[in-house]
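Please look over the sequence and the model shown here before reading on. The paragraphs below then lead you through the chain step by step.

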Amino acid sequence: MDTRRTEELLTELRDMQKESLELQKRHTELVERQYARAEKIQDRTEAIQARSESMVAIGRRVMLVIVPVLIFLVAYVSWLLFGKLGI
């Protein structure tokens, strides 16, 4: 190989390495953006779960009051109906 061909090959190799480094840099930036986005989504998910957890807790407390009241009302209406009919 002559010196000129060696220089061309080395120049080509250098250019390819620059391209490779640029691709790696873009890939790293993309991964960082995806990570930030995933982190943001995770934070929103945790906030939604916390809200739903509090809503379920409120629903349970409400049911503790409503179910006994409904049972009482059904029993009372039944007593009124069946008591007056003499059944």
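A good place to begin is a small group of charged residues, for R4, R5 and E8 are joined to one another in a network of salt bridges. Keep in mind, while following these contacts, that the model is a predicted one. Side chains of opposite charge can pair when their charged atoms come close. In this network the side chain of E8 takes part in a salt bridge with R4, at 3.9 Å from N to O, and the side chain of E8 also meets that of R5, at 3.6 Å from N to O.

The spacing of these residues along the chain is worth following on the model. E8 and R4 both belong to helix 1 and stand four residues apart, which is about one turn of the helix, while R5 and E8, also both in helix 1, stand three residues apart, again about one turn of the helix. As for their surroundings, R4 has a relative accessible area of 61% and is therefore exposed, since exposed is the word for values over 50%. E8 is partly exposed, with a relative accessible area of 39%, and R5 is likewise partly exposed, with a relative accessible area of 39%.

By the rule used here, the structure has three salt bridges in total. Besides the two already described, there is one between the side chains of R14 and D15, with a distance of 3.5 Å from N to O. R14 counts as partly exposed at 42% relative accessibility, and D15 is partly exposed as well, with a relative accessible area of 33%. Taking the charges of the protein chain together, there are 14 positive and 13 negative side chains, and the centres of these two sets lie 16 Å apart.

What does the fold of the protein chain consist of? The protein chain has one helix and zero strands. Its radius of gyration is 37 Å, well over the 12 Å that the globule rule gives for 87 residues, so the chain is more spread out than a compact globule. The dimensions can be followed along the principal axes, where the C-alpha trace spans about 120 × 20 × 10 Å.

One residue within the helix can serve as a marker for these distances. T28 is found in helix 1, which covers residues 3-85, and the C-alpha atoms of T28 and V65, which are 37 residues apart along the chain, are separated by 56 Å. T28 counts as partly exposed, because its relative accessibility is 40%.

How much of the protein chain counts as buried? Of its 87 residues, 0% count as buried, a class that requires a relative accessible area under 20%. The protein chain exposes about 8400 Å², and carbon and sulfur atoms supply 64% of that area.

Aromatic side chains also meet in this model, and a search of the whole structure finds two aromatic pairs. One of them is formed by F72 and Y76, whose rings are stacked, with 6.2 Å from centre to centre and 10° between the planes. F72 and Y76 both lie in helix 1 and are four residues apart, about one turn of the helix. F72 counts as exposed at 55% relative accessibility, whereas Y76, at 40% relative accessibility, counts as partly exposed. Finally, ring pairs link F72, Y76 and W79 into a cluster.

Note on methods
Residues numbered from 1 in each chain as written. Predicted model: local features only at pLDDT ≥ 70, side-chain atom pairs only at ≥ 80, totals over all residues. Heavy atoms only, no water. Helix = DSSP H or I, 4+ residues; strand = E, 2+ residues; numbered from the N terminus. Rg over C-alpha atoms; globule rule 2.2 N^0.38 Å. Buried < 20%, exposed > 50% of the residue type's maximum accessible area, 1.4 Å probe, protein only. Areas by Shrake-Rupley, 256 points an atom, 1.4 Å probe, with all protein chains shown as cover. Lys, Arg positive; Asp, Glu negative; His and termini not counted. Charge placed at Lys NZ, Arg CZ, Asp CG, Glu CD. Phe/Tyr/Trp six-rings, centres within 6.5 Å; stacked < 30°, edge-to-face > 60°. Salt bridge = Lys/Arg side-chain N within 4 Å of Asp/Glu carboxyl O.
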